[in-house]
Every structure is written in structure tokens, then in C-alpha cells.
Amino acid sequence: MEKKNIKDYDLEELKQEIENLGEKKFRAEQIFKWLYQEKVKSFDEMTNISLDLREKLKENYTICNFNILKKQESKDGTIKYLFDVLDGNAIETVLMSYHHGYSICVSSQIGCKMGCKFCASTGIEFSRNLSSGEIVEQILAVEQDTGIRISNVVFMGIGEPLDNYDNVINAIHIINNQKGLNIGARHISISTSGLIPKIYKLAEENIPCTLSISLHATTNEKRSEMMPVNNTYPIEELIKACKEYLEQTNRRISFEYALAKDNNDNIEDAKRLVKLLKGMLCHVNLIPINKIENGKFKKSSNENIIRFRDYLNEHGIVATIRRELGSDIDAACGQLRRKNSHLKMKS
Ligand code: SF4
């Protein structure tokens, strides 16, 4: 029988698992604490768990400790990891340092199906979803490696999180649980390319995390060119879904807008963006696009970026420019993995 990853279970599910082993449910809370608060790497370190139960755990579960295949550190404190996920695949995770604490950008899939043209992950074939435990392990592995406490989690690494909906939501239950990683839901953000049915579903969840929409263009023509997902879920329907999400949750939405030179960075684009978002409880995050090797899109000039931001702010849309982190390392998603494709041992 194949062993299961013990980190794939949220606390309620783990209680059920432990009960199935013939043990009392409260043991699950102890195990949860060892995993996420003490951050142990083996069942043997769970010293208040009986030897008998530890043996049962070893027989039935793995504890899923990722190996670091590669690590790049930037002068600004950003650290990019390439993890061996123990089945021959590799994923990326980025740790960023801000004045308010440490933020981690986690991957949700191995590869991505969405094919956004500006993304360094494009060209990395989709192979599978990450399990909840593999999502959570990225945080644990970075905390174990650095000794720091992570305070913010963003689902903005490789993969479309809402395309791996159940595992991402389950991972959030573990990350958010006070007996788990205890990171507040308001410090967790999910970024989507715009999978509309899943946005409606997320609105129903009782998780006050931040929804972040990768918008990047203001006409269907331009957006479809940058993001093929727009052919299925066009802008007007996406904005409608966002308005309903706001209506239901009253939680501010963040719109990501990667500025690409001579593509979506002129004042006409800014005007259309104001028209689209007018009256919504939202924030626009302007991202100076990372130049991708052989990529079609180039970075906007600083002048254009500032002009774009000022136009939005002057017309009632709160907009900020994202600080470029890790510019001296391969910090755009997919870049490290692309350069080290030989490290992907299987696929
Ligand atoms: S930007 Fe995100 S959704 Fe788009 S291809 Fe890259 S990883 Fe996938």
C-alpha cells in the first residue's frame, strides 16, 4: 500500500485518519502541532506520541520533506528555491522580505495550462496538481531552511491556483489554522488568471483571504493575446464575477496589471481601466514586467509606469507600483526552473 502524505490533511481530516488507526482524536492535534509549530522532519521527533502510534504513522504515512535542489539569494534579501518534490519533479518557491515581514510566493501546480504569454512558466508543460501537503511543505521547508517566521502567503508562483481548487483551499485550512501554521487569512492571497466559475465558488467559502485578479489588459483583443484564458472568460464577464464577489464578501479585490512596453502601458489603456473598475472596492497593483528570455513583451519605461499610476490615482482608482524584488536573480515565476530544466529529473 502506498503511503499517504500526512501533510495532505487539514486538522478535521487528520482527526478522522487518526481515529481510523484506532487512536483518540486529540492525538491529531498533537501531531498537527509537531508538524506545523515545532516543524519536525520525522515522526520520531514527536516525543509525546506513543512509540506504538509513531510506528503506525510510519507504516501509513510519509512526512514529505522537500530537498533543496537549488537556492538563489538576491542582494535585496529575496531567496528563490527550486525544490525536489520527491517524485522526480521540481517546483519553485520565492521568499521575499518586506518591512512588514516575510512573504512567500508558493507554486500550486507543476507547470501550468494557462499559457500566459508574458509568463516565464509558459513552455513548462503542465504535469500535475500539487497536493495540499506539497503546497504547505513549501512554507515549512523555507522556514526550516532560514529559521524565519513567514507572515504572508501569496499563491502567485507556478500554476493557476483556482485550477487546483480543492487542494489550494485545503492547504489554506492548514496554513490558517491556529494549531497549524497560524497565518491569518487576511495575510493569504490567491491570484487567478480569471477562472470565473471558481471565483463564484471562492465567494462562497468562509475564508477572508485576498483575491487577486491578473487582468493585464483592458480590451478582449489585447487580453486574449496576452492570456488565452480570456477567450473562454472575457473581460466583461470577469468584471461581473468580481463585482458579485465583492457584493458577497465585501473584501477588496486586487487587480494585477503587468505593464509591457508599447502594448498596454499608454493613457488610453489607463482610461479604459478606470472605466472598468470605477466604483469597485479594489486596488491596482502595477507590475513592471520581467523581461523573459525570447519573450515577446518588454518592460515599460519608468516614465510610462509612473504616468500610468498617476492617471489611475487621479481618477479614483488606488494604484501602486510593485517593488521589483530579486531582479539580480531569476525571480520571475518559472525562470529558475527553466534555466535548470536538467534538474527536473522526470517528465
Ligand atoms: S502567469 Fe500564472 S496562470 Fe499565467 S501561465 Fe504563468 S503561472 Fe500560469
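Start in the middle of the fold, with strand β10: 4 of its 5 residues are buried, so β10 is largely enclosed by the rest of the structure. Keep in mind that this is a predicted model. The protein chain averages a pLDDT of 91, and 90% of the residues score at least 70.

**Around β10**

Who sits beside this strand? β9 pairs with β10 in the parallel sense, over 3 bridges. One pairing to look up on screen is V154, whose bridge partner in β10 is S189.

Both strands belong to an open sheet of 10 strands with mixed pairing, and the order reads β3-β4-β5-β6-β9-β10-β11-β12-β13-β14. The edges are β3 (67-73) and β14 (319-321), each of which pairs on one side only. Ignoring direction, neighbouring strands here are turned by 20 degrees against each other on average. Helix α5 packs on this sheet, where it touches β9 (152-155) and β10 (188-192), and its direction makes about 165 degrees with that of β10.

Further along the strand order, β11 (residues 210-214) and β12 (residues 253-259) run parallel and are joined by 3 bridges. In that part of the sheet, I213 stands opposite F255 of β12.

Here are the two parallel pairs next to each other:

| Strand pair | Sense | Bridges |
|---|---|---|
| β9 and β10 | parallel | 3 bridges |
| β11 and β12 | parallel | 3 bridges |

**A pair of helices**

Now for α6 and α8. How do their axes cross? Helix α6 (residues 196-204) and helix α8 (residues 235-249) have axes that come within 9 Å and cross at roughly 5 degrees. Angles under 35 degrees count as roughly parallel, so α6 is roughly parallel to α8. From α6, the contact uses I196, I199, Y200 and A203, while α8 brings in E237, L238, A241, C242, E244, Y245, Q248 and T249. Sorted by class, that contact has 8 nonpolar, 2 polar and 2 charged residues.

**How far to trust it**

Which elements mark the ends of the confidence range? Helix α5 (residues 165-176), the one packed on the sheet, has the highest mean pLDDT of the elements, at 98. Helix α11 (residues 335-339) has the lowest, at 51. Over residues 341-347, pLDDT stays under 50. For that stretch the model has 11 contacts beyond four places in sequence.

Note on methods:
Residues are numbered from 1 along each chain as its sequence is written. This is a predicted model: local features need pLDDT of at least 70, side-chain atom pairs count only at pLDDT 80 or more; totals for chains, interfaces and linings use all residues. pLDDT is the predictor's confidence in each residue, from 0 to 100. Helices (H or I, at least four residues) and strands (E, at least two) are DSSP runs, numbered from the N terminus. Two residues are in contact if their C-beta atoms, placed from the backbone, lie within 7 Å. Two strands pair if DSSP finds at least two bridges between them. Axes are lines fitted to C-alpha atoms, for helices over the stretch in contact, and angles run from 0 to 180 degrees between N-to-C directions. Angles under 35 degrees count as roughly parallel, over 145 as roughly antiparallel, 65 to 115 as roughly perpendicular and the rest as oblique. Ala, Val, Leu, Ile, Met, Phe, Trp, Tyr, Cys and Pro count as nonpolar, Asp, Glu, Lys and Arg as charged, and the others, Gly among them, as polar. A residue is buried if 20 or more other C-beta atoms lie within 10 Å of its own, exposed if 12 or fewer, and partly exposed in between; C-beta atoms are placed from the backbone.
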